[in-house]
Amino acid sequence: MSSSLEYYKVFYYVATLGSITLASEKLCISQPAVSQAVRQLEQSLDCQLFMRMSKGVKLTREGEFLFDYVKSGLESIWHGENMLRRMRDLETGEVRIGASDMTLQFYLLPYLEKFHELYPGIKVTVSNGPTPETLRFLYEGKIDFGVVSTPFEARNEVKSTSVKEVRNVFIAGEKFKHLEGKKLSYDILKELPCIFLEKNTSTRTFMDQFLKEREVEVEPEFELSTSDMIVQFAMRNLGIGCVMSGFAQMELEKGNLIELQFKEPMPGRQFAIITDSKTPISPAGKKILKLMIDDIS
């Protein structure tokens, strides 16, 4: 680097604020010091970076070209510094978690409650989305860890720890009462209106794969984004729904829904904690992870 990093920092703030005066206030240095830094940088690069206007300054074409690179570089450095501070600060730190509606409601929520009681000063951010989106956030370093449901495919650097077994159920409303108690074949789903989750979810992937292995291909009448909506559609007799059992438990107990029984039960699947060896976990993140892992050890 031919010029001091401090010169580029001054250049960044003058360009961003459009004023030597405002830049000096932001940097807590004198206006002559700001002007001197800009001149030194211009001399070093042998080009003019700013045009002096009646009110403030404006980047030249060369200055605009350089600013794109300086902005990216400096903001990356500052982001790295903030990440480091976040990792070291447990009292006022932050933990970022990725979870779906299902894993949040039926696994993660009690741990968040306990963690908040122990460390009320720590900010907890939950990025809510299906498993593929949680994996993407993990790869991009946007979360400390994720809680997902199987099945999923991940990069080699991702470690998965199973924490809870869950199962899918097929549910229906009063209109399909005649099917209650019977040991059904999955072929019957071809003849019935079905209500499934969208295809970008682990629940749908698991069900589709299970049925495909038995040469059963179903085109659902409805594809919905949430399991709660599947339960509501099923209660209104719009078809046979497939959800993780927890979503339907209350309505099954009330008698508003029935669970269909099949000759071959669908196997269970897992909730899993996922971490990435390439993504550092904050101290706060390690604390809540320990609460969860200790429960299974």
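Student: Is Glu157 buried or exposed?
Tutor: In this predicted model, Glu157 sits in the loop between strand 5 (145–149) and strand 6. Its relative accessibility is 18%. The cut-off for a buried residue is under 20%, so Glu157 counts as buried.

Student: Which residues does Glu157 touch, not counting residues up to four places away in sequence?
Tutor: Glu157 belongs to the loop between strand 5 and strand 6. Leaving out residues up to four places away in sequence, its contacts are Thr275, Asp276, Ser277 and Lys278.

Student: Which side chain meets that of Glu157 in a salt bridge?
Tutor: Side chains of opposite charge can pair when their charged atoms come close. For Glu157 the N to O distance in the salt bridge is 3.9 Å. The partner has 44% relative accessibility and counts as partly exposed, whereas Glu157 is buried. That partner is Arg155.

Student: How many salt bridges does the structure hold?
Tutor: The pair of Glu157 and Arg155 is a salt bridge, and Arg136, Glu140 and Lys142 are linked in a network of salt bridges. For the structure, the number of salt bridges is 13.

Student: How many residues apart in sequence are the parts that Arg167 and Glu259 tie together?
Tutor: Arg167 and Glu259 form a salt bridge, with 3.1 Å between the closest N and O atoms. Arg167 is in the loop between strand 6 (158–166) and strand 7 (168–172), while Glu259 is in strand 12 (residues 258–259), so the pair ties together parts whose separation in sequence is 92 residues.

Student: What is the relative accessible area of Glu259?
Tutor: Its salt-bridge partner, Arg167, is partly exposed at 39%. Glu259 is also partly exposed, and its relative accessible area is 21%.

Student: What separates the C-alpha atoms of Glu180 and Glu259?
Tutor: Glu180 is placed in the loop between strand 7 and strand 8 (183–184). At 40% relative accessibility, Glu180 counts as partly exposed. Along the chain, Glu180 and Glu259 are 79 residues apart, and their C-alpha atoms are separated by 7.2 Å.

Student: Which residue forms a salt bridge with Arg214?
Tutor: The closest N and O atoms of this salt bridge are 2.7 Å apart. Arg214 lies in the loop between helix 7 (202–213) and strand 10 (222–224), and the partner lies in the loop between strand 13 (261–262) and strand 14 (269–276), so parts 50 residues apart in sequence are tied together. Arg214 is partly exposed at 29% relative accessibility, and the partner is partly exposed at 36%. The partner is Glu264.

Student: At what angle do helix 5 and helix 10 pack?
Tutor: Helix 5 covers residues 101–118 and helix 10 covers residues 283–294. Their axes are 10 Å apart. The angle makes helix 5 oblique to helix 10, and helix 5 passes helix 10 in a right-handed crossing. The packing angle is about 125°.

Student: Which residues of helix 10 make the contact with helix 5?
Tutor: From helix 5, the contact uses Tyr107, Leu108, Tyr111, Leu112, Lys114, Phe115 and Leu118. By class, the contact has 10 nonpolar, no polar and 2 charged residues. The residues of helix 10 are Ala284, Lys287, Ile288, Leu291 and Met292.

Student: Which residues does a cis peptide bond join?
Tutor: Most residues other than glycine have a negative phi, and most peptide bonds are trans. Here a cis bond has an omega of about 5°. One residue of the pair, Pro151, lies in the loop between strand 5 and strand 6. The bond joins Thr150 and Pro151.

Student: Where does Cys28 lie?
Tutor: Cys28 has a phi near 60°, a positive value in a residue other than glycine. Cys28 is exposed, with a relative accessible area of 69%. Its place is the loop between helix 2 (20–27) and helix 3 (31–45).

Student: What is the phi of Glu215?
Tutor: Glu215 is in the loop between helix 7 and strand 10. With a relative accessible area of 69%, Glu215 is exposed. Glu215 is not a glycine, yet its phi is positive, at about 60°.

Key
Residues numbered from 1 in each chain as written. Predicted model: local features only at pLDDT ≥ 70, side-chain atom pairs only at ≥ 80, totals over all residues. Heavy atoms only, no water. Salt bridge = Lys/Arg side-chain N within 4 Å of Asp/Glu carboxyl O. Buried < 20%, exposed > 50% of the residue type's maximum accessible area, 1.4 Å probe, protein only. Helix = DSSP H or I, 4+ residues; strand = E, 2+ residues; numbered from the N terminus. Axes fitted to C-alpha atoms, helices over the stretch in contact; angles between N-to-C directions. Parallel < 35°, antiparallel > 145°, perpendicular 65-115°, else oblique. Left-handed = near helix turned anticlockwise from the far one by under 90°. Contact = heavy atoms within 4.5 Å. Nonpolar A, V, L, I, M, F, W, Y, C, P; charged D, E, K, R; others polar.
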